[in-house]
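Student: Please take a close look at one part of this model, the strand pairing. Begin with how far the model can be read, and end with what surrounds that part.

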Amino acid sequence: MPSSAERKPANPSAPASSGGVQSLERAFDLLERMADAGGEVGLSELSGSSGLPLPTIHRLMRTLVACGYVRQQPNRRYALGPRLIRLGESASRLLGTWARPHLARLVEETGETANMALLDGDEVVYVAQVPSRHSMRMFTEVGRRVLPHSTGVGKALLADAPPEEVRALLARTGMPAATEKTLTTPEAFLEALVDVRECGYATDDNEQEIGVRCIAVTVPDAPTPAAISISGPAGRVTEAATDTFVPLLREVARDLSTALATTTNGG
């Protein structure tokens with residue numbers, strides 16, 4: 001999904017097959033712009049970013065408020081509404097279902113646990129997992145939410161975010177230490193993100209759980225920012241194993257991206 005910086009302003013005069021279709025497109029565009037802005041915006045901000053006239057935006061927002069997808073705050077600004085939560089949770093479950101065959105391939109070829117995670121607000125949420133054949137209890141499980149600074153998937157998901165946005169997120173969440181190896185300063189975390197961008201993958205080296213190492217990559221062009229990972233005992237998920245695991249992770253991430261594009265486009 002393109003960010004607000006990449007999304008083009010709506011063309012108020014663009015033809016549509018019907019007024020209803022055009023209104024739907026505009027309404028969804030406004031919801032995405034609200035999400036990009038942190039979930040709460042004013043009408044003038046939406047007008048400036050979308051290029052739509054204020055009366056049109058006001059009419060669309062009234063409809064979204066009536067449906068529960070947007071709520072008007074006491075300060076007259078608009079915020080994403082609670083009804084979207086149910087839609088998001090259902091979509092996350094479906095995303096996990098679509099990802100599971102690809103994660104199963106990772107387990108088959110590496111022997112380690114494979115995960116898929118999304119960035120939901122300031123947290124990482126695990127939406128799919130295929131466990132290793134080895135009996136080992138992992139801290140990750142579907143539905144679990146963690147702070148991104150101590151996970152490989154969190155680093156992968158934030159690697160391309162502007163540093164000021166990363167700092168703001170870390171200021172909101174704090175950086176509690178899960179282990180003695182957890183990164184606990186913004187400077188250390190931002191430095192780790194530089195490494196992720198340079199090498200194209202992220203690691204969690206005993207940072208969330210002692211004795212566990214994780215390697216993660218993002219899913220390119222996913223409909224929402226997503227990452228997949230392999231996690232297992234540090235004695236098996238070694239530096240040497242990384243050289244084998246990373247190309248496989250990237251290949252599976254590309255295949256999953258293609259599958260998601262086909263699914264979301266109705267193919």
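Tutor: This is a predicted model, and over residues 1–6 its pLDDT stays under 50. For residues 1–6 the model has eight contacts beyond four places in sequence. Residues 11–17 also have pLDDT under 50 throughout, and for residues 11–17 there are likewise eight contacts beyond four places in sequence. Where pLDDT is low, the predicted coordinates should not be read in detail. For the protein chain as a whole, the mean pLDDT is 86, and 86% of the residues reach 70 or more.

Some totals for the chain come next. The protein chain has 267 residues, of which 42% are buried, and it contains eight helices and nine strands. If contacts are restricted to residues at least 6 apart in sequence, 58% of them join residues at least 24 apart. The exposed area is about 13500 Å², with 53% of that area supplied by carbon and sulfur atoms.

Now the strands. Six of them form an open sheet with antiparallel pairing, in the order β6-β5-β4-β9-β8-β7. Its edges are β6 (145–146) and β7 (202–205), each of which pairs on one side only. Reading from the β6 edge, β6 is joined to β5 in the antiparallel sense by two bridges; Arg 145 in β6 is the bridge partner of Val 125. Between β4 and β5, also antiparallel, there are seven bridges, and Asn 115 stands opposite Gln 129 in β5. The connection between β4 and β5 is a hairpin with two residues between the strands. In that turn, Gly 121 has a positive phi of about 65 degrees. Seven of the eight residues of β5 are buried, so β5 is largely enclosed by the rest of the structure.

The sheet also contributes to the packing. The largest nonpolar core has 29 residues, and the members that touch the most others are Leu 103, Leu 106, Met 116 and Ile 228. Two or more residues of this core come from each of the strands β4 (113–120), β5 (123–130), β8 (212–218) and β9 (226–233), and from each of the helices α4 (83–110) and α8 (239–264). The biggest share is that of α8, which gives nine residues. Separate from this is a second core of 14 residues, with Leu 30, Leu 46, Met 61 and Tyr 78 among them.

One helix outside that list, α6, can be described in similar detail. Within α6 (residues 163–173), the residues Val 166, Leu 169 and Leu 170 are buried. These three lie on the same side of α6, because they cover an arc of only 95 degrees around the axis. An α-helix has 3.6 residues a turn, so residues three or four places apart point the same way. The other side of α6 carries the exposed residues Glu 164, Glu 165, Ala 171 and Arg 172. Cover for the buried residues of α6 includes α5 (152–158) and α7 (186–199). Gly 174, just after α6, has a positive phi of about 75 degrees.

How values were computed:
Residues numbered from 1 in each chain as written. Predicted model: local features only at pLDDT ≥ 70, side-chain atom pairs only at ≥ 80, totals over all residues. Heavy atoms only, no water. Helix = DSSP H or I, 4+ residues; strand = E, 2+ residues; numbered from the N terminus. Buried < 20%, exposed > 50% of the residue type's maximum accessible area, 1.4 Å probe, protein only. Contact = heavy atoms within 4.5 Å. Areas by Shrake-Rupley, 256 points an atom, 1.4 Å probe, with all protein chains shown as cover. Arc of directions from axis to C-beta. Core = buried A, V, L, I, M, F, W, Y, C linked by side-chain atoms within 4.5 Å. Pairing = 2+ DSSP bridges. pLDDT = per-residue confidence, 0-100.
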